[in-house]
Structure formats: structure tokens, C-alpha cells
Amino acid sequence: MEEFEDSRASKKTKTIYISTVISISLVLLMVGLLGLILVHGKNLSNYVKENIVLNLVINEGTKEVDILALQKQVEANGYVKSTQYISKEVAARNLTQDLGEDFIKFLGYNPLLSSIDVYLKAEYANNQSIDILSKQLQKNPMINEVRYQKSLVDMINQNIRTISLVIFGFGAVLLIIAIALINNTIRLAIYSQRFLIKSMQLVGATRSFIRKPFLVYGFLHGLIAGLIAIILLVLTLYFAQQQIPELVILRNYYEFAIVFIAVIGVGIFISCLSTYFAVTKYLKLKIYDLYR
């Protein structure tokens, strides 16, 4: 009979632990998805900013060798990510494709000038930095004009700031909810063990001795739940990239690894902390309070 009771108690405990791990892993999955959204949002923001074009129009008659030397000089600037030289001929060919007819035959000559398209690093893709760079470049006698869409730059940066604030606000709320859910899950799991905790205390076990196995289980639950959440996140990423191939350009394995480590860290930290406080609560209760 005692073996039967022990078997039932063991099965009940395993069921509680399994449900705890599953519950924590689902909450960590939400946290991980938020982290991936933040990473993709940041990478998308940088991608958009780094595709803002600063167009350097070169004076007529400038030798190509001098233009290429200028291109290298511009690329050496700390603000610049990359450049692209567009000769008169290439510019004419591109415009002909856009118009659908050969405008050179109509005009009798090519009125376009050679140019260099400058792509800035994301952190410098704002009007203040562009104005500083533009003034520096305009001092060069080979450059006829520096063109860029100031209103577009303003709009892009304003929209990115607004979207970032919304995402961070949503993220903060979701993180609070995640902490509350994991805490409640752990507290319910420990509640089922309250009589065991009090029994150990009554036979003379110290508080640290009683807490230790529960904290070990809390650590393992957080770790296992984190690993399960990571597997689900990897599957989610794979499915998303199958459906939206363009997401490949936003892929950053280093940042993904940080998100995955953070998911495990959050799971272990909250699980252990919640376990500590839950066990401490039942250690402080009187015996008759356990039945309430």
C-alpha cells in the first residue's frame, strides 16, 4: 500500500514538474520572439538607413582616374559604408531603361554627368551627419553638386524612432507579464510540495538544506524550458524565412545567439528566484496555515 502511495506521489510530482517546464518554455518562447522582433527591427532599421543615397555629381571633363581616386578618398571617410561609381555611359543606359526610349538619339548628345553614389553607415544616416559630410565634400573642386533627399531622411528617422518606442514599450509589458506568469507557475508547483517542506523542517532540516534541492530543480526547469524555447524559436525562424525569403538579409547569427542565451538566462534566473521566495514563504508558515 505504501509503495502504491509512493508511486502515486512520484507520478504526481513528475506531472507537476513536466507541466511547469512546458509552461515556462511557452512563456520563454514569447520572450524569445520579442527578442527576435527587436533584432530584426534593428537590422531592418540599419538596412533602410544604409540604403539612403548621397549622390556626388562630378564636374564635366574630370578624368576617370581622378574620379576613382576621389571614390577611394570618400570611402576612407568614417561616415561612409560603401560607394559606387556611375559613369556618364552607365547613367545614360540606366535612364534609357527607365524611360523605355533612347533619349541620346533624340537630344543628339549625353547631358548626364558622372557621379558617385555614397552609402552611409547606419549611425550617420541622419541630416546633421549628412550636412557635415556634404560640406566637407563640396570643398573638393571635382564635385559639382551633392544631392540627397533631406525630407526622406527625416521621415525615415522619425518613423524608425516611433516604431522603436512602440516595440520597446510592448517589450517591457510582455517581459513583466512573462515574469508574473513564470512566478505564478513556480509558486503553484511549490504549493503542492508545502507539506514536504514543512515535514523536513519539523525533523530538524535547516532552511538552506531544504531550499537546495528545490533550487536545483528550479535551475534545471529554467534550463530545460529555455532549451525547448530555443528549439521552437529556431523552427519559427526557419518557417518564417521559408515564407519570407527576404528575411535572409536581416539574418545575424551573433545577435540570434545573444537572444538564445538571454532566453536561457531569463528562464534560469526567474525560475530560481521564484523558487527561492516560494520555498521561503512555506518555511515561514505555521502548520495550520498550510491547510488554508
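Here are some short exercises on this structure, each with a worked solution; the model is a predicted one.

**Exercise 1. Getting oriented**

Find how many helices and strands the chain has, and in what pattern they follow one another.

*Solution.*
- Step 1: Count the elements. The chain holds 9 helices and 4 strands.
- Step 2: Walk along the sequence. The pattern reads α-β-α-β-α-α-β-α-β-α-α-α-α.
- Step 3: Look at how the chain folds back on itself. Of the contacts with a separation of 6 or more, 83% join residues 24 or more positions apart.

**Exercise 2. How confident is the prediction?**

Work out which element has the lowest mean pLDDT and which has the highest.

*Solution.*
- Step 1: Begin with the whole chain. The average pLDDT is 81, and 90% of the residues score at least 70.
- Step 2: Go element by element. Helix H4 (residues 103–107) has the lowest mean, 68, while strand E3 (residues 115–120) has the highest, 90.
- Step 3: Check the start of the chain. Residues 1–7 have a pLDDT below 50, and this stretch makes 0 contacts beyond near neighbours in sequence.

**Exercise 3. Inside the chain**

Find which elements give two or more residues to the largest nonpolar core.

*Solution.*
- Step 1: Ask how much is buried. Of the 292 residues in the chain, 38% are buried.
- Step 2: Recall a general tendency. In soluble globular proteins, nonpolar side chains tend to be buried together.
- Step 3: Find the central members. The largest core has 33 residues, and those touching the most other members are Leu-28, Ile-182, Ile-190, Ile-197, Ile-210, Phe-260 and Val-279.
- Step 4: Name the elements. H1, helix H6 (150–191), helix H7 (194–202), H8 and helix H9 (253–284) each give two or more residues. The largest share, 12 residues, is from H9.
- Step 5: Zoom in on one member. Beyond its neighbours within four places in sequence, Ile-210 contacts Ile-197, Met-200, Gln-201, Ala-205, Val-279 and Leu-283.
- Step 6: Note the other core. A second, separate one has 22 residues, including Leu-54, Ile-58, Leu-120 and Val-146.

**Exercise 4. Two residues of helix H9**

Decide whether Thr-275 is buried or exposed, and do likewise for Ile-268.

*Solution.*
- Step 1: Place Thr-275. This residue is in helix H9.
- Step 2: Apply the cut-off. Buried means under 20% relative accessible area; Thr-275 has 2%, so it counts as buried.
- Step 3: List its partners. Leaving out neighbours within four places in sequence, Thr-275 touches Ile-186, Ile-190, Phe-214, Leu-215 and Gly-218.
- Step 4: Turn to Ile-268, also placed in helix H9. Its relative accessible area is 16%, so Ile-268 is buried.
- Step 5: Compare sequence with space. Ile-268 and Gly-218 are 50 residues apart in sequence, yet their C-alpha atoms are 7.2 Å apart.

**Exercise 5. A patch on the surface**

Find which helix gives the most residues to the nonpolar surface patch.

*Solution.*
- Step 1: Identify the patch. Its residues, among them Ile-18, Ile-22, Tyr-217 and Leu-235, have about 1000 Å² of accessible area together.
- Step 2: Locate the contributors. Helix H1 (2–49) and helix H8 (207–243) each supply at least two residues. H8 gives the most, with 9 residues.
- Step 3: Test one member. Ile-22 belongs to helix H1, and with a relative accessible area of 44% it is partly exposed.

**Exercise 6. Pairs of opposite charge**

Find how many salt bridges the whole structure has, then describe each one.

*Solution.*
- Step 1: Recall the principle. Side chains of opposite charge can pair when their charged atoms come close.
- Step 2: Count. The whole structure has 3 salt bridges.
- Step 3: Take Lys-42 and Glu-255, which meet at 2.8 Å, N to O. Lys-42 is in helix H1 and Glu-255 in helix H9, 213 residues apart. Lys-42 is partly exposed at 42%, whereas Glu-255 is buried at 14%.
- Step 4: Take Glu-60 and Lys-88, which meet at 3.3 Å. Glu-60 lies in the loop between strand E1 (53–58) and H2, and Lys-88 in helix H3 (residues 88–99). Glu-60 counts as exposed at 55%, while Lys-88 is partly exposed at 21%.
- Step 5: Finish with Glu-145 and Arg-147, whose closest N and O atoms are 3.2 Å apart. Glu-145 is partly exposed at 34%, and Arg-147 is partly exposed at 45%.

Definitions and conventions. Residues are numbered from 1 along each chain as its sequence is written. This is a predicted model: local features need pLDDT of at least 70, side-chain atom pairs count only at pLDDT 80 or more; totals for chains, interfaces and linings use all residues. Side-chain values use heavy atoms; hydrogens and water are left out. Patches are made of residues with over 30% relative accessible area and no salt bridge: like charges are joined within 9 Å, nonpolar side chains (Val, Leu, Ile, Met, Phe, Trp, Tyr) within 5 Å. Accessible areas come from the Shrake-Rupley method with a 1.4 Å probe; for residues, only the protein chains shown count as cover. A salt bridge is a side-chain nitrogen of Lys or Arg within 4 Å of a carboxyl oxygen of Asp or Glu. Buried means under 20% relative accessible area, exposed over 50%, partly exposed in between (1.4 Å probe, protein chains only). Contact means heavy atoms within 4.5 Å. A nonpolar core is a set of buried Ala, Val, Leu, Ile, Met, Phe, Trp, Tyr and Cys residues joined through side-chain atoms within 4.5 Å. pLDDT is the predictor's confidence in each residue, from 0 to 100.
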